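Good morning, colleagues. Please take a moment with the sequence and the structure before I begin my remarks.

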Amino acid sequence: MGAQKSIHAGKAKIDVNVDFTHKLCASLMLPPLSNGSGSPLSLIIGSLCIKHPNLFGGSEKLDVSWDKGLYDSNVLMAYRRPRPEWLAQQSFIVQHSISPEIGVHGIPMDNFSRSGSGGVNLSRLSVGMDLNEPASSKWSSTTSIKFEHVRPLNDNGQSMSRDLDGFPVTCSGSPHDSMVILKQESRYAKANDHSFFHFSLQIEQGIPVLSKWLIFNKFKFVASKGVKLGPAFLLTRMTGGSIVGDMAPYQAFAIGGLGSVRGYGEGAVGSGRSCLVANSELTLPFNKMLEGAVFLDCGTDLGSAHHVPGNPALRQGKPGSGVGLGYGLRLKSQFGHFVVDYALNACQQKTVYFGISNLAS
C-alpha cells in the first residue's frame, strides 16, 4: 500500500513516494531495533526527490533527495556542472545519513539466522566531489575526494564512544571520527548474447590532514560472471577486500545476510579486516515473468576478526566462516523485481528473505 506523485514546478520536478508495505515485510524478517514506542511516522517509509535540470541557465543540474526507512534516513544533495564530453564530469555532493550499525555490532539470534540491535547507530556527514572519467568501450572509472564525519549514536539518539560491553566504537576514542578519503573506482564490463563478465575495484586512502584524522588504505573487488546454459542462467560472483592502517570497528567487512551469505543475519557470519565471499546461483525461467533459483553462498573473514578494535565478532560468538544454500523465486514486472529466497545456514537454521528492487542487481 503506497502512493506516488510527480509535480512540475517551473523547470523543476518533484517526485514523492510514500509506502506502507515495507512495515509488514520488515516485521516478518527483523527483530525490533530499538525500544522506542514509535510514532505514526515510524510506520512509513518513503522518498522525496527534487530535480532541477537548468539551475543557473547553463544546464547545471541540482538533485535533492530524502529517503526514510523504518530505522534509517538519508539526505543527499548533488550539483553537477556541464563539461565537454572528453573531460571528467564533476559532481559536488553533500550527504547525511543515520542508520543502525548491524553488520559489526549486531547480535546474532536464532542460530545466526537473524541479527538484533547492538545499540549502535551511525550518523554520517560527508562533503565531497566526484570526477567521472570518460568511459572507453569496456572500462570506466570514478575518482572522488570527500570529508566524512562519523558520530555513533545509541538508540536514544545520544552520542556514544563505547558499546554495551564498554569497548570503543570509534578509532579516536572520542564520540566521533573525522577523515578525508580519496577514492578510486575502476569498472570493466564485457557482454554478449550468451554471457557477461563484470569486474570492479575500489581503493580508498585516508589522508592525514590533521593528526587525529584516520590514516588507512582499503580495497574491495567484485567479480561476477554469467553464462547461459540452455534455458537456464548460471551466475557466479566473488567479493573480497582488506583494510590496513587506522580503523574503527564500523569500517570492518561484515559477512552474512542478503547480498552476502544467505541463511545468516546481517554480519552474523563475522566481521574482519579482510573478507572473501563467493556466491553461485542457477535460475530457470518458468515463463516471461517468473523464474526459479537455487543458490550456494560461502564467506570467511580470513582469520582477521581479532584485528578489529574491540574484537566485536569474537565477543558475539560469530563463527568467522559460513555456508548457506537454498532456493527462491524471481518475479519481474513493470513495477520492479520481486525476490523471495528460502535459505539454510550451516547451523541448519532456516531464513526467508523478501526483496524488492527497481533494477536487477
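Strands here are DSSP runs of E with at least two residues, and they are numbered from the N terminus. With that in place, let me note that what you see is a predicted model.

I begin with strand β19, which covers residues 321-333 and contains Y327. Is Y327 buried or exposed? The answer lies between the two: Y327 is partly exposed, because its relative accessible area is 49%, and the partly exposed class runs between 20% and 50%. Y327 also belongs to a nonpolar patch on the surface, together with L229, L234, L282 and V294. The accessible area of these residues together is about 430 Å².

I turn next to the loop between β7 (107-109) and β8 (114-116), where D110 is found. D110 is a residue other than glycine, yet its phi is positive, near 50°. The loop between β7 and β8 is also the place of F112, another residue that is not a glycine and has a positive phi, in this case about 70°. As for accessibility, D110 counts as partly exposed at 38%, whereas F112, with a relative accessible area of 19%, is buried. The cut-off that matters for F112 is that buried means under 20%.

Finally, I come to strand β12, residues 195-207, which holds S200. At 15% relative accessibility, S200 counts as buried. Which residues does S200 touch, leaving aside those up to four places away in sequence? They are E185, S186 and R187, along with K220, F221 and V222.

Thank you for your attention.

How values were computed: Residues are numbered from 1 along each chain as its sequence is written. This is a predicted model: local features need pLDDT of at least 70, side-chain atom pairs count only at pLDDT 80 or more; totals for chains, interfaces and linings use all residues. Side-chain values use heavy atoms; hydrogens and water are left out. Patches are made of residues with over 30% relative accessible area and no salt bridge: like charges are joined within 9 Å, nonpolar side chains (Val, Leu, Ile, Met, Phe, Trp, Tyr) within 5 Å. Accessible areas come from the Shrake-Rupley method with a 1.4 Å probe; for residues, only the protein chains shown count as cover. A salt bridge is a side-chain nitrogen of Lys or Arg within 4 Å of a carboxyl oxygen of Asp or Glu. Helices (H or I, at least four residues) and strands (E, at least two) are DSSP runs, numbered from the N terminus. Buried means under 20% relative accessible area, exposed over 50%, partly exposed in between (1.4 Å probe, protein chains only). Contact means heavy atoms within 4.5 Å.
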